[in-house]
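Biologist: I would like to learn how to read the features of this model one by one. Please give the general idea each time, and then the case at hand.

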Amino acid sequence: MAAEATGEWHGWRAAAEAALYGPDGFYRGPEGPAGHFRTSVHASPLFAEAVARLLCRVDEALGRPAELGFVDMAAGRGELAAGVLAALPAEVAARARGYAVEITGRPVGLDHRIEWLAGPPKGITGLLFANEWLDNVPVEVAEVDSVGVPRQVLVREDGWERLGEQLSGAEARWLARWWPLPAEEGLRAEIGLPRDEAWAAAVATVERGLAVAVDYAHTADARPPFGTLTGFREGRGTAPVPDGSCDLTAHVALDACALPGGRVRTQRDALHTLGITGARPPLALASTEPAAYVRALASAGEGAELTAAGGLGDFGWLLQPVGIADVLTG
Ligand SMILES: C[S@@+](CC[C@H](N)C(=O)[O-])C[C@H]1O[C@@H](n2cnc3c(N)ncnc32)[C@H](O)[C@@H]1O
């Protein structure tokens, strides 16, 4: 970040949009998201199995429709869609239709039953599941200046920042409503408005069923004082530099995204309800069925990772039913 470097100034939203999704953007790379970080989908096949169980609950609530849609929204390389279809009971799989929605191209060798789309199909009956999508929907960043006024943060391709105009209009209203900044120089916030809009548009494609967004999240009672914008490259956190070399991500204000009837639970809680606890198998199994014990132990380790406090278990699940009752109780 050389101070003398030159380049154009942009708000973080436009800068991240180009850096992630432009022609040479980070997400256009052949390695896919799994080449840089582990989501719950990569952590264990147990995650797709739990989502398949959730899809079965949605299926029941819908009265077993002739066609049951599953939309893997922001699908990466389609790993979740493939895992969910593979984990469904035969009777449900026979009625299921899988879609993977991605800005990048279809990976070679993906299950032929999965339709690869640039946007979610309209009017599905079923489940739309967005794992770690909204944190990658670019947002503006605001920072309080020396006289206590929140301003738009501008950034150059080398990551150098300066403050721009005072915030106004819908962005200022969003800040006031969801992330009011005290008049203390240096405090920062990420303006989640584009995520609220992206989520509302995705939910609107579900005719009947459930939409779920899963992400690192925070709620109005505990916003991080300096925001969470950060970079990721090859498994490590890095400075957020919008030059296409790293992921750019910021935790999601899921409470702001929620539409009427939506609610946020932790991943730990949601996965417990779907049968993943991370509990160790009984020791007695080790002597009666050693191979089964070893398998169960490995699976317990993966379950523990998916539900861990301070890790994936703290993710928020925003559950948005559309025309059906809550399917994730008890
Ligand atoms: C962090 S990755 C998550 C991938 C996958 N869901 C997982 O959990 O492993 C985010 C993905 O969202 C995709 N993405 C971002 N915005 C999108 C959009 N508007 N439509 C479709 N895909 C999008 C990116 O290309 C990237 O593959």
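Modeller: Two strands pair if DSSP finds at least two bridges between them. Helices (H or I, at least four residues) and strands (E, at least two) are DSSP runs, numbered from the N terminus. The model is a predicted one, in which local features need pLDDT of at least 70 and side-chain atom pairs count only at pLDDT 80 or more, while totals for chains, interfaces and linings use all residues. Residues are numbered from 1 along each chain as its sequence is written, and side-chain values use heavy atoms, with hydrogens and water left out.

Biologist: In which sense do strand 2 and strand 3 pair, and over how many bridges?

Modeller: Strand 2 (residues 68–73) and strand 3 run in the parallel sense, with six bridges between them. As one example, D72 stands opposite A100 of strand 3. On strand 3 there is also a parallel pairing with strand 4 (residues 114–117), made by four bridges. There V101 has L117 in strand 4 as its bridge partner.

Biologist: Which strand pairs with strand 2 over four bridges?

Modeller: That is strand 5, again in the parallel sense. F70 stands opposite L127 of strand 5. Strand 5 also pairs with strand 10 (residues 206–215), parallel and over eight bridges. In that pairing T125 faces R208 of strand 10.

Biologist: How many residues of strand 5 are buried?

Modeller: Buried means under 20% relative accessible area, exposed over 50%, and partly exposed in between (1.4 Å probe, protein chains only). By that rule seven of the eight residues of strand 5 are buried, and the strand is mostly covered. Strand 3 (residues 96–101) is mostly covered as well, with five of its six residues buried. Helix 7 (residues 193–203) is another mostly covered element, having eight of its 11 residues buried. Among the buried residues of helix 7 are the charged-type names R195 and D196, along with W199.

Biologist: Where is D145 found?

Modeller: D145 is in the loop between strand 6 (140–144) and strand 7 (150–155). D145 counts as buried because its relative accessible area is 8%. For its partners, a polar contact is a pair of N or O atoms within 3.5 Å; within protein, one must be able to donate a hydrogen and the other to accept it, and residues adjacent in sequence count only if both atoms are side-chain atoms. The side chain of D145 reaches the backbone nitrogen of V147 at 3.0 Å, and one of its polar atoms lies 2.8 Å from the backbone nitrogen of V149. V144, in strand 6, is buried at 1% relative accessibility. The C-alpha atoms of V144 and P182 are 8.1 Å apart in space, with the two positions 38 residues apart in sequence numbering.

Biologist: How many aromatic pairs are there?

Modeller: A pair of aromatic rings is described by the distance of the centres and the angle of the planes. Rings of Phe, Tyr and Trp (its six-membered ring) pair if their centres lie within 6.5 Å; planes under 30 degrees apart count as stacked, over 60 as edge-to-face and the rest as tilted. The count comes to six aromatic pairs. F47 and F129 make an edge-to-face pair, 6.0 Å centre to centre with 75° between the planes. This pair links distant parts of the chain, since F47 lies in helix 3 (residues 45–61) and F129 in strand 5 (residues 124–131), 82 residues apart. Both F47 and F129 are buried. F47 also forms an edge-to-face pair with W317, at 6.2 Å and 75°. W317 is in strand 15 (residues 316–322), 270 residues from F47, and W317 is buried. Elsewhere, Y21, F26 and Y27 form one aromatic cluster.

Biologist: Over which ring does the charged end of R162 sit?

Modeller: A charge sits over a ring if NZ of Lys or CZ of Arg is within 6 Å of the ring centre and within 35 degrees of the ring normal. The charged end of R162 sits over the ring of W9, 5.0 Å from its centre. For R177 over W178 the distance is 3.8 Å.

Biologist: How many residues surround the ligand?

Modeller: A residue is near a molecule if one of its heavy atoms lies within 4 Å of it. There are 18 around the ligand, and the closest are Y21, T39, A74, E102 and N131. A ligand nitrogen is 2.7 Å from a polar backbone atom of A74, and a ligand oxygen is 2.8 Å from a polar side-chain atom of N131. The protein covers 91% of the 610 Å² of accessible area that the ligand has on its own (Shrake-Rupley method, 1.4 Å probe; for residues, only the protein chains shown count as cover).
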